[in-house]
Amino acid sequence: MLPSSDPQHQQITEQGSSTVSLEIINTYEFYPTAVVTMTDVKIASPPLAYPPVTDAEFQALDDWAYDHIYPFTGVGHTDGDSWYDVTVTASSLPWLTGYTFDWGY
């Protein structure tokens, strides 16, 4: 699906930084689940200045999260399957607070 033709939904943030706090649930096949919190982490801003609406916008947000949030997952286990759930618990971009990203499912 193409991005919305609504000018508001075509607004893109300048490549800057945002601050986020994260709750990371690292689930492992062979190890106990490890919950990690990160507070006020400075990362590149997402490519959207507003909540995603279209499929393309959701994909852009997921791609950004993989590049900038996924690296915070894991605690060093390299054997067995793993699953990660990351919730943004606070953000300098209020609309981003509450989003959950998951990998490994």
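Select Phe72 and display what surrounds it: apart from neighbours within four places in sequence, Phe72 is in contact (heavy atoms within 4.5 Å) with Leu22, Ile24, Met38, Val41 and Ile43. The model is predicted, so local features need pLDDT of at least 70 and side-chain atom pairs count only at pLDDT 80 or more, while totals for chains, interfaces and linings use all residues. Residues are numbered from 1 along each chain as its sequence is written, and side-chain values use heavy atoms, with hydrogens and water left out.

Stay on Phe72 for a moment. Its place is the loop between α1 and β3 (82-91); helices (H or I, at least four residues) and strands (E, at least two) are DSSP runs, numbered from the N terminus. Phe72 counts as partly exposed because its relative accessibility is 26%; buried means under 20% relative accessible area, exposed over 50%, and partly exposed in between (1.4 Å probe, protein chains only). Draw a C-alpha to C-alpha distance from Phe72 to Val36: the two are 36 residues apart in sequence and 9.3 Å apart in space.

Next, select Leu22, one of the residues that Phe72 contacts. Leu22 belongs to strand β1 (residues 17-28). Is Leu22 buried or exposed? Leu22 counts as buried, because its relative accessibility is 1%. Beyond four places in sequence, the contacts of Leu22 are Val36, Thr37, Met38, Ile69, Phe72, Val86, Thr87, Val88 and Thr89. For a C-alpha distance, pick Leu22 and Asp85, which are 63 residues apart in sequence and 10.0 Å apart in space.

Move to Phe101, in strand β4. Phe101 is buried, because its relative accessible area is 4%. Which residues does Phe101 touch, not counting those up to four places away in sequence? Show Leu61, Asp62, Trp64, Ala65, Ile69, Tyr84, Asp85, Val86, Val88 and Leu96. With Val86 still selected, check the C-alpha separation from Phe101: 5.2 Å, for two residues 15 apart along the chain.

Go one residue on, to Asp102, which is also found in strand β4 (residues 100-103). Asp102 counts as partly exposed because its relative accessibility is 45%. Add Asp62, Asp63 and Asp67 to the selection; with Asp102 they form a negative surface patch. Patches are made of residues with over 30% relative accessible area and no salt bridge, with like charges joined within 9 Å and nonpolar side chains (Val, Leu, Ile, Met, Phe, Trp, Tyr) within 5 Å. A salt bridge is a side-chain nitrogen of Lys or Arg within 4 Å of a carboxyl oxygen of Asp or Glu. Helix α1 gives the most to the negative patch, with 3 residues.

From Asp102, go to Tyr66, in helix α1 (residues 55-68). The C-alpha atoms of Tyr66 and Asp102 are separated by 9.3 Å, and the two residues are 36 apart along the chain. Tyr66 counts as partly exposed because its relative accessibility is 44%. Outside its neighbours within four places in sequence, Tyr66 is in contact with Pro71 and Trp103.

Now select Asp40, in strand β2 (residues 34-44). What is notable about phi of Asp40? The angle is near 50°, a positive value in a residue other than glycine. Most residues other than glycine have a negative phi. Asp40 is exposed, because its relative accessible area is 56%.

Finally, zoom out to the protein chain. It has 1 helix and 4 strands, in the order β-β-α-β-β along the sequence. Of the 105 residues in the protein chain, 33% are buried. Among contacts with a separation of 6 or more, 61% are between residues 24 or more positions apart. The accessible surface of the protein chain comes to about 6100 Å² (Shrake-Rupley method, 1.4 Å probe), and 52% of that surface belongs to carbon and sulfur atoms.

Terms used
Lys and Arg count as positive and Asp and Glu as negative; His and the chain ends are not counted. The place of a charge is taken as NZ of Lys, CZ of Arg, CG of Asp or CD of Glu.
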